[in-house]
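User: Please take a close look at a single part of this model, starting from the space it leaves open. Which element gives the most to the lining of the largest pocket, and with how many residues?

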Amino acid sequence: MKKTLLPALAFCVVLFSCNNNAAKTETASTETTTSTFNLDSVKTAIAAGNATFGSGFANGDSAAFVSHYTSDACISPSNMPKMCGTAAIAAYFNGGYKMGIRDVKITTAEVMGGKDAVVETGTYEIFADKNMSLDKGKFIVIWKEENGKWKIHRDIWNSDMPAAAPAK
């Protein structure tokens, strides 16, 4: 009995020791990651990005608009298929500009997440010349850090405006 109990006890001691060290390493790793990620700093970066998001429309500057997105970003506009990549987002911007969009105002309701991704929810309003409102709605954005800057990685929005009546 002693012969089988001793190896089993040794195995348990080694297993506990390894698991305990793994837990310490994981805790240390988590603490290091947590200490470098600061949600308040990300919220500030998002607010700054949102403040300039729509100004590209005022100037017809698609590069300024697209610079808010990651290189592999996707947008999912209302009533349209998903579009991915810088060229597709620039084309969407150019279409909106030609339709008369001159500004987009973003109001953040909530920001949550961690180092890998942050989710923002809120409302938007789109304007034409002379501050004429074209559309209002809500959005969900996933932000990711790219080259040291927080950028929009996934962007989906839906209008709060009533749907158009069906054609007769």
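Analyst: With three residues, helix H5 gives the most to the lining of the largest pocket, where a pocket is an open set of points on a 1 Å grid over the protein atoms alone, with protein on both sides within 12 Å along at least five of seven lines, and a lining residue has an atom within 4 Å of a point. The model is a predicted one, in which local features need pLDDT of at least 70 and side-chain atom pairs count only at pLDDT 80 or more, whereas totals for chains, interfaces and linings use all residues. Residues are numbered from 1 along each chain as its sequence is written, and side-chain values use heavy atoms, with hydrogens and water left out.

The pocket holds about 310 Å³ of space, a volume being the space filled by probe spheres set on grid points that are joined across faces, edges and corners. Its lining comprises 15 residues, and those nearest the centre are Ser78, Tyr92, Met99, Asp135 and Trp157. At least two lining residues come from each of H5, S4, S5 and S6, the helices (H or I, at least four residues) and strands (E, at least two) being DSSP runs numbered from the N terminus.

Trp157 also appears beside an enclosed space, for Phe53, Val104, Ile106, Asp155 and Trp157 are the residues nearest the centre of the largest cavity, out of 21 that line it. A cavity differs from a pocket in that a 1.4 Å probe fits at its points but cannot get out. Two or more lining residues of this cavity are given by each of H2, S1, H5 (86-98), S3 (103-114), S4 (117-127), S5 (133-146) and S6. The cavity has a volume of about 250 Å³, and the structure holds one cavity of 30 Å³ or more.

The strands among these elements belong to an open sheet of six, ordered S2-S1-S6-S5-S4-S3 with mixed pairing, two strands being paired if DSSP finds at least two bridges between them. Because S2 and S3 stand at the edges with a single partner strand each, one side of each is left without a neighbour in the sheet. S1 (residues 69-76) runs parallel to S6 (residues 149-159) and is joined to it by four bridges, with Ser76 partnered by Ile156 in S6. Towards S2 (residues 83-84), by contrast, S1 pairs in the antiparallel sense over two bridges, and there Cys74 stands opposite Cys84. Six residues lie between the strands of this S1-S2 hairpin, among them Asn79, whose phi is positive and near 60°. Asn79 is exposed, at 82% relative accessibility, where exposed means over 50% relative accessible area, buried under 20% and partly exposed in between (1.4 Å probe, protein chains only). Asn131, in the loop between S4 and S5, likewise has a positive phi of about 60° without being a glycine, and it is exposed at a relative accessible area of 56%. Most residues other than glycine have a negative phi.

H2 (residues 39-53), which helps to line the cavity, has 15 residues and reaches 20 Å from its first C-alpha to its last, close to the 21 Å expected at 1.5 Å a residue, the expected span being 1.5 Å times one less than the number of residues. Val42, Ile46, Gly49, Asn50 and Phe53 are its buried residues. Seen down the axis of H2, these fall within an arc of 100°, so they line one face of the helix, the arc being that of the directions from the helix axis to the C-beta atoms. The face turned away from this buried side carries the exposed residues Asp40, Thr44 and Ala51. Ala47, also in H2, counts as partly exposed at 46% relative accessibility, and its C-alpha atom is separated by 9.0 Å from that of Thr107, 60 residues away along the chain. At the start of H2, a side-chain oxygen of Asn38 comes to within 2.9 Å of the backbone nitrogen of Asp40.

Around these parts, the protein chain has five helices and six strands, which run α-α-α-α-β-β-α-β-β-β-β from the N terminus on. Of its 168 residues, 31% are buried.

Notes: Polar contact = N/O pair within 3.5 Å; in protein donor to acceptor, adjacent residues only side chain to side chain.
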